[in-house]
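Let's take a friendly walk through this structure, from a patch on its surface to its strands and charged pairs. Here it is.

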Amino acid sequence: MAFYYSEPSHTFGEYLLVPGYSSTDCIPKNVSLKTPLVKFSRGEEPKLSMNIPMTSAIMQAVSNDTMAIALAREGGVSFIYGSQSIKDQAAMVARVKSYKSGFVSSDSNIKPTTTLGEILELLKQTGHSTMAVTEDGKPTGKLLGIVTSRDYRLSRMSLDEQAGTFMTPFEKLIYADADSTTLPMANDLIWEHKLNMLPLVDKKQRLRYMVFRKDYTDNKENEFELIDKRKRYIVGAGINTRDYAERVPALIKAGADVLCIDSSEGFSEWQKLTLEYIHENFGSDVKVGAGNVVDAEGFRFLADAGADFIKVGIGGGSICITRETKGIGRGQATAVIDVCNARDQYFKETGVYIPICSDGGIVFDYHMTLALAMGADFLMLGRYFARFDESPSAKIQINGTYYKEYWGEGSNRARNWQRYDLGGDKKLSFEEGVDSYVPYAGHLKDNLQVSLSKIRSTMCNCGALNLEEFRDKAKITLVSETSIVEGGSHDVILRDQFSVTSR
């Protein structure tokens, strides 16, 4: 007979935190969000920690090198998606590790033959008005010139006019050597010549980086940036249970700091074999997360198999339809609570602490705080990060409103069959994800700071100044449907719903 759980599974939206005593020291600026990323033994420090409890999902529409750099600057980690060629994924990792703070790789590149109409379309997609004109239209091609909004006038020019006729040519640019120029030197040139952007080129005139005036202040503000001993950004990478023998060595060589098996369901021998192979061939210094699981039994299996952190969540993602198509999964809050209890019990028994990553089920910012209060060490977010400029998907306009494309790894668009692999044919037999849009939200930094402020503020309401203390002190209550309605605005007419004319 099937086993039946006595309690229904719940989502984050069914819980609230009850405030606790707050001392005068409990102010947001005193709150530390530092959290372990990989397992460690009692009395030891983890080999890898994060300054904020945030990672970006292993998805085509979310985590590339641009996202990895932006999130590392804020103190978190991106896991660059593995549903691409080994060469391309390793190249993304290498770009993150070779990135110099303030030195930006060009992501808006055109050829001399690109028309003004095409330039305007690219401007809509990226929001970047400064575009590098390279010989082949690639970000590292021979630099021929620069196009900015000051180089064209829409009222006096044809949309068919080519960039080569109105760009600022290379001969008139102020530039610097990419190999010998430091960031302070680049900033001095920018201020001395009143530039908005300084291109850095190599000996063959190939574009390497761009340094922007607007980034000068940002470079002074990244107090939580996550870097290794060589002051390079920390970056993760997703792997699968099929080609790990070829993919893992390439990612390690490229400089990946941590790996994560990307799978919709992690309670399988495939993950055990993958973990064993990596640890046997590369040792314990190569850190590998595993998952996803939703109960204590799944946690114990992966813990014993050697996982360095364990992801929790099946079917709770905004683009995931696994529960609809297969009928498996569990409410995310219940899953996190169960697995975190198992994690604590495992720590008592073995003295080994294995961090838990809550993956999915986050709709509102306060859900992040609840997941952390319930025991999660950090979160993995897809939809949240997909909305930002730094995600790799296109920005489009629909009925006057901007959106970002966002699709699941189990959709026909991604066709990441390895993520749903059960040892059968090498194909995606049916969809477990959808192709969608999310409202465009702007820059990662601006939005993330608001979310983190909410988390810190709530922790203060509960009398906690760090995440470990938060888990110990948090008081959590299950709420009724009526309480959920009561928690939002109600029985009023919102001003922004009406156009009021005063007399």
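A good place to start is the surface, where L16, V363, F364 and Y366 make a nonpolar patch of about 380 Å². Patches are made of residues with over 30% relative accessible area and no salt bridge, with nonpolar side chains (Val, Leu, Ile, Met, Phe, Trp, Tyr) joined within 5 Å and like charges within 9 Å. Accessible areas come from the Shrake-Rupley method with a 1.4 Å probe, and for residues only the protein chains shown count as cover. One member of the patch, F364, sits in the loop between β19 (356-359) and α11 (365-373). Helices (H or I, at least four residues) and strands (E, at least two) are DSSP runs, numbered from the N terminus.

Please keep in mind that this is a predicted model: local features need pLDDT of at least 70, side-chain atom pairs count only at pLDDT 80 or more, and totals for chains, interfaces and linings use all residues. Residues are numbered from 1 along each chain as its sequence is written, and side-chain values use heavy atoms, with hydrogens and water left out.

**An open sheet**

Three strands, in the order β21-β22-β23, form an open sheet with antiparallel pairing. Because β21 (395-398) and β23 (435-439) stand at the edges with a single partner strand each, one side of each has no neighbour in the sheet. From one strand to the next, the twist averages 45°, taken between N-to-C directions on a scale from 0 to 180 degrees, with axes as lines fitted to C-alpha atoms. Strand β22 (residues 401-407) is joined to β23 by 5 bridges; two strands pair if DSSP finds at least two bridges between them. Within β22 and β23, Y403 stands opposite P439.

**Around β6**

Which way do the side chains of strand β6 (residues 77-80) point? V77 and F79 point one way and S78 and I80 the other, and all are buried, meaning under 20% relative accessible area, whereas exposed means over 50% and partly exposed lies in between (1.4 Å probe, protein chains only). In a regular strand, side chains alternate between the two faces of the sheet.

Strand β6 pairs in the parallel sense with β5 (residues 54-56) over 2 bridges, and T55 stands opposite V77. From β5 the chain crosses through helix α1 (residues 65-74) to β6, in a right-handed β-α-β crossover: with the strands pointing away from the viewer, the path from the first strand over the helix to the second runs clockwise. Strand β6 also runs parallel to β14 (residues 236-239), joined by 2 bridges, and A237 in β14 is the bridge partner of I80.

**Charged pairs**

How many salt bridges does a search of the whole structure find? There are 19, each a side-chain nitrogen of Lys or Arg within 4 Å of a carboxyl oxygen of Asp or Glu. Some of them are listed here.

| Pair | Closest N to O |
|---|---|
| R208 and D179 | 3.2 Å |
| D228 and R232 | 2.9 Å |
| R300 and D304 | 3.9 Å |

R208 lies in strand β13 (residues 207-212) and D179 in the loop between β11 (176-177) and α4 (183-192), so the pair ties together parts that are 29 residues apart in sequence. R208 is partly exposed at 30% relative accessibility, while D179 is exposed at 52%.

D228 is buried at 16% and R232 partly exposed at 23%. Together with K97 and D257, D228 and R232 belong to a network of salt bridges.

R300 and D304 both lie in helix α8 (residues 296-305), 4 residues apart, or about one turn of the helix.
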